[in-house]
Amino acid sequence: MRHISRRKLITTGLTAAAGASGLAAAVRIANRYGLIPPDYGGVFGAGETLTYASHRLLTRHSMAREFPRSQISKSPVVNGRPPQSLTFTLLEAGKFADWQLEVDGMVANPGSFSLDDLRGFPARSQITHLACEEGWSFIAEWIGVPLSHVLDAAGASAGAKYVVFFAYDDLWESIDMADAWHPQTLLAYGMNGADLPAPHGAPVRLRVPRQLGYKSLKYLAQITIVDSLKDIGQGLGSISPELGYSWYAGI
């Protein structure tokens, strides 16, 4: 009850500040409780902060809706092509037998995981809705390992704030630790009862059903645990979708 009352108090304070004194006052309250998103400094920064803080206070432990098997989409939408690099092409030709997911950063046990390693963790399946910011969507069954199991195995630091994901198509994404530890956040290696198809992100994609589709990064190559997103991707030749989209895409 104490936690709920505190949450209500903070939420009420944010709402009152936003209504009475403008978003800047609400941002100051959010900052006091560690509820500032990485993109708070832009043109829409105050609004982003209020949105993120409200989501985290009210829906931190909420679950995305899961559907019956009868509602799985017959033709799940494919968006974009698999990576065209020689490295990825060779991995795909070898059925990803040599694929490794590197995990580093703020971890006690940096290392890498093969596809067999990930399949050796307790698996979770979920039938959830993937909604794209472009307007299309579909429902599919995703099979994989909860990201939390990999974070535990790697020994993620208690001081970590974000998990950053890098892909073979040079894109990268990040989520906060609330989503990283959430039981529905998967490293998905299967889809609709089969191996994950290449157009949908093989061999492994991130699946974050509580956020819009661009957060569910495909073609994973590396995971880095950090306490700041400053300078992430600099010098790596990476293209970040966060340059065009809001950092937090909660739905």
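Rings of Phe, Tyr and Trp (for Trp, its six-membered ring) pair if their centres lie within 6.5 Å, with planes under 30 degrees apart counted as stacked, over 60 as edge-to-face and the rest as tilted. The exercises below concern a predicted model, in which local features need pLDDT of at least 70 and side-chain atom pairs count only at pLDDT 80 or more, while totals for chains, interfaces and linings use all residues. Residues are numbered from 1 along each chain as its sequence is written, and side-chain values use heavy atoms, with hydrogens and water left out.

**Exercise 1. Aromatic pairs**

Find how many aromatic pairs the structure holds, and describe the pair of F138 and W142 and the pair of Y162 and W247.

Step 1. The structure holds 12 aromatic pairs. Among them is the tilted pair of F138 and W142, with 6.2 Å from centre to centre and 40° between the planes. Both F138 and W142 are buried, where buried means under 20% relative accessible area, exposed over 50%, and partly exposed in between (1.4 Å probe, protein chains only).

Step 2. Y162 and W247 form an edge-to-face pair, with their centres 5.7 Å apart and 90° between the planes. Y162 lies in strand β5 (residues 162-167) and W247 in the segment after β10, so this pair ties together parts that are 85 residues apart in sequence. Helices (H or I, at least four residues) and strands (E, at least two) are DSSP runs, numbered from the N terminus.

Step 3. Y162 is buried, with a relative accessible area of 11%, and W247 is buried as well, with a value of 3%. Ring pairs link Y162 and W247 with Y52 and Y248 into a cluster.

**Exercise 2. Salt bridges**

Trace which salt bridges join R56, D176, D179 and R210, and then locate the bridge between E173 and K215.

Step 1. The structure holds seven salt bridges, each a side-chain nitrogen of Lys or Arg within 4 Å of a carboxyl oxygen of Asp or Glu. In one of them R56 meets D176, with the closest N and O atoms 2.8 Å apart. R56 belongs to helix α3 (residues 45-59) and D176 to strand β6 (residues 172-176), 120 residues apart, and both residues are buried.

Step 2. R210 forms a salt bridge with D179, the closest N and O atoms being 2.9 Å apart. R210 lies in the loop between β9 and β10 and D179 in helix α7 (residues 177-180), so the pair ties together parts that are 31 residues apart in sequence. Salt bridges that share partners join R56, D176, D179 and R210 into one network.

Step 3. E173 and K215 meet in a salt bridge of 2.9 Å, N to O. E173 is in strand β6 and K215 in the loop between β9 (205-207) and β10 (220-226), 42 residues apart; both E173 and K215 are buried.

**Exercise 3. Helix α6**

Decide where the buried residues of α6 fall when the helix is seen down its axis.

Step 1. In helix α6 (residues 147-154), the buried residues are L147, S148, V150, L151 and A154.

Step 2. Seen down the axis, these buried residues fall within an arc of 160°, so they line one face of the helix; the arc is that of the directions from the helix axis to the C-beta atoms.

Step 3. After α6 comes G155, whose phi is positive, near 75°.
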